[in-house]
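Colleague: Please take a close look at one part of this model for me. I would like the helix packing and the core around it.

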Amino acid sequence: MHLVVTAHTPDGHLSYQRTSPEAALEKADELAADGHEWIVITDITGRHYEPGEFDTLFVHPGG
């Protein structure tokens with residue numbers, strides 16, 4: 001699985017590639033804890049998810 005986690009910063013965008021939903025969500029949480037805004041996780045089809053939505057759909061579905 002190919003996922004890209006992106007955050008907007010005052011200096012531009014930061015993007016990180018991850019290969020599992022859990023790792024992508026973990027990176028998104030780290031970026032949020034660092035105070036970054038507009039964090040999205042993008043899948044291989046180009047679809048964007050906010051971290052909470054991504055968690056519900058792919059990491060903890062039905063929970």
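Modeller: What follows goes from the helix pair to the core and then to single residues.

This is a predicted model, where local features need pLDDT of at least 70, side-chain atom pairs count only at pLDDT 80 or more, and totals for chains, interfaces and linings use all residues. Residues are numbered from 1 along each chain as its sequence is written, and side-chain values use heavy atoms, with hydrogens and water left out.

Two packed helices are described by the angle between their axes and the distance between the axes. Here the pair is helix 1 (residues 21-33) and helix 2 (residues 51-59). Helices are DSSP runs of H or I with at least four residues, strands are E runs of at least two, and both are numbered from the N terminus. The packing angle is about 160 degrees, and the axes lie 10 Å apart. Axes are lines fitted to C-alpha atoms, for helices over the stretch in contact, and angles run from 0 to 180 degrees between N-to-C directions. Helix 1 and helix 2 are therefore roughly antiparallel, a term for angles over 145 degrees. Their crossing is left-handed: the near helix is turned anticlockwise from the far one by less than a right angle.

Contact means heavy atoms within 4.5 Å. From helix 1, Pro21, Glu22, Ala24, Leu25 and Ala28 meet Pro51, Phe54, Asp55, Phe58 and Val59 of helix 2. By class, this contact has 8 nonpolar, no polar and 2 charged residues. Ala, Val, Leu, Ile, Met, Phe, Trp, Tyr, Cys and Pro count as nonpolar, Asp, Glu, Lys and Arg as charged, and the others, Gly among them, as polar.

Now the core. The largest nonpolar core has 12 residues, among them Ala24, Leu25, Ile39 and Phe54. Such a core is a set of buried Ala, Val, Leu, Ile, Met, Phe, Trp, Tyr and Cys residues joined through side-chain atoms within 4.5 Å. Helix 1 gives the largest share, 4 residues. Phe54 touches Leu3, Pro21, Ala24, Leu25, Ile41, Tyr49 and Val59, not counting residues up to four places away in sequence.

Strand 3 holds Ile39. Ile39 is buried, at 9% relative accessible area; buried means under 20%, exposed over 50%, and partly exposed in between, with a 1.4 Å probe and protein chains only. Leaving aside neighbours within four places in sequence, the contacts of Ile39 include Val5, Ala28, Leu31 and Tyr49. Trp38 is also in strand 3, but Trp38 is exposed at 53%. Its phi is near 45 degrees, a positive value in a residue other than glycine.

Technical notes
Parallel < 35°, antiparallel > 145°, perpendicular 65-115°, else oblique.
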